[in-house]
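Student: Please give me a close look at a single part of this structure, and then show me how it fits with everything around it. I'm happy with a long answer.

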Amino acid sequence: MGRLRELVNKVAPSTIGKALAKRGVKADYITYAGLALAALAPVVAALREGWAVPVLVALSSLMDVIDGAVARASGRTTPFGSYLDSVTDRASDAMFVTAIAILGANAYLSLVTLMFSFLVSYARSKGELLGVKMEGVGLMERGERAILLFLASIAAAAGSLLACNIIVLTIAVLSAVTVIQRSVHIKRSLEAAPKPTS
């Protein structure tokens, strides 16, 4: 989760991560738990239990930090674990935005936000496939997005739809800026890379 993840990971591996790893808890199980919590968000939103949505967003996002901490503490980081984390992050984002839309956020803004959120992640994935270091590039990484989605869900649950829509719009705009930032970063990095000699 970018800069936020780096900050939390200074503490988590030596505390929560090690404690859970010692008890045999697997990182993948925590990842699945985070996804399950995210999947509940649109359900409780549809049931008009709006105040449960921010709680689920917060808990699911916390699971996304803890799973990596457990994997590192147990020495069991794997390529599939990284893949699983990335896929479930995208699914969770979709669940959060859907829940906020059900609570009354503007549907068009919600779709645009989700689109740019996915593009942010795709830009990072494609950049890394090209050998470009992408961590920390851009204003709106997943940690920042999770915080703003949490605030948007609180506003929606409180019935402050104007505030909610402003936050959702902010996520969309900053995500679009991040896509541009990452695209420029990739272009410059590839241009600066040593050219193969024949």
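Tutor: In this predicted model, the buried residues of α3 have a cover that includes α2 (16–22), α4 and α5. The buried set in α3 itself is Ala27, Ile30, Thr31, Gly34, Ala38, Ala41, Pro42, Val44 and Ala45. When you look at how those positions are spread along the helix, keep in mind that an α-helix has 3.6 residues a turn, so residues three or four places apart point the same way. As for its length, α3 has 20 residues, and from first C-alpha to last it reaches 30 Å, close to the 28 Å expected at 1.5 Å a residue.

Now follow the chain out of the helix. Just after α3 comes Arg48, with a positive phi of about 65°. This residue sits in the loop between α3 and α4. A positive phi is worth pausing over in a residue other than glycine, since most residues other than glycine have a negative phi. Is Arg48 buried or exposed? Its relative accessibility is 54%, so Arg48 counts as exposed, the cut-off for that being over 50%.

From here, let's place α3 in the interior. The largest nonpolar core has 25 residues, and those with the most contacts inside it are Val53, Ile100, Leu149, Ala152, Cys164 and Val168. Helix α3 (27–46) is one of the elements that give two or more residues to this core, along with α4 (52–74), α5 (79–102), α6 (107–129), α7 (142–157) and α8 (161–192). The largest share, five residues, comes from α7. For a view from one of the most connected positions, take Cys164: leaving aside residues up to four places away in sequence, Cys164 touches Ile100, Ala105, Ala152, Ala155 and Ala156. Another core lies apart from this one, with six residues, among them Met63, Ile66, Val70 and Ala71.

Since α7 gives so much to the core, it deserves a look of its own. Twelve of its 16 residues are buried, so α7 is largely enclosed by the rest of the structure. The buried residues of α7 include Leu149, Ala152, Ala155 and Ala156, but also the charged-looking names Arg142, Glu144 and Arg145. The helix reaches 22 Å from its first C-alpha to its last, close to the 22 Å expected, and just after α7, Gly159 takes a positive phi of about 85°.

Two of those arginines lead us back to α5, one of the helices in the cover of α3. Arg90 is found in α5, and at a relative accessible area of 18% Arg90 is buried, because the limit is under 20%. Not counting residues up to four places away in sequence, Arg90 touches Phe118, Ser121, Arg142 and Arg145.

Ser121, in turn, is one of the buried residues of α6, as are Leu109, Val112, Leu114 and Val120. The buried residues of α6 pack against α5, α7 and α8. At the start of α6, a side-chain oxygen of Asn106 comes to within 3.0 Å of the backbone nitrogen of Tyr108. Just after α6, Gly131 has a positive phi of about 85°. With its 23 residues, α6 reaches 33 Å from first C-alpha to last, close to the 33 Å expected.

Stepping back, the chain has eight helices and zero strands. The radius of gyration is 18 Å, close to the 16 Å that the globule rule gives for 198 residues, so the chain is as compact as a globular protein of that length. Along the principal axes, the C-alpha trace spans about 65 × 45 × 25 Å. Of the contacts between residues at least 6 apart in sequence, 81% join residues at least 24 apart, and buried residues make up 43% of the chain.

Finally, how far can you trust what you see? The mean pLDDT is 89, and 91% of residues reach 70 or more. Confidence is highest in α8, at a mean of 96, and lowest in α1 (residues 2–9), at 54. Where pLDDT is low, the predicted coordinates should not be read in detail.

Definitions and conventions
Residues are numbered from 1 along each chain as its sequence is written. This is a predicted model: local features need pLDDT of at least 70, side-chain atom pairs count only at pLDDT 80 or more; totals for chains, interfaces and linings use all residues. Side-chain values use heavy atoms; hydrogens and water are left out. A nonpolar core is a set of buried Ala, Val, Leu, Ile, Met, Phe, Trp, Tyr and Cys residues joined through side-chain atoms within 4.5 Å. Buried means under 20% relative accessible area, exposed over 50%, partly exposed in between (1.4 Å probe, protein chains only). Helices (H or I, at least four residues) and strands (E, at least two) are DSSP runs, numbered from the N terminus. Contact means heavy atoms within 4.5 Å. The expected span of a helix is 1.5 Å times one less than its number of residues. A polar contact is a pair of N or O atoms within 3.5 Å; within protein, one must be able to donate a hydrogen and the other to accept it, and residues adjacent in sequence count only if both atoms are side-chain atoms. pLDDT is the predictor's confidence in each residue, from 0 to 100. The radius of gyration is taken over C-alpha atoms; the globule rule is 2.2 Å times the number of residues to the power 0.38.
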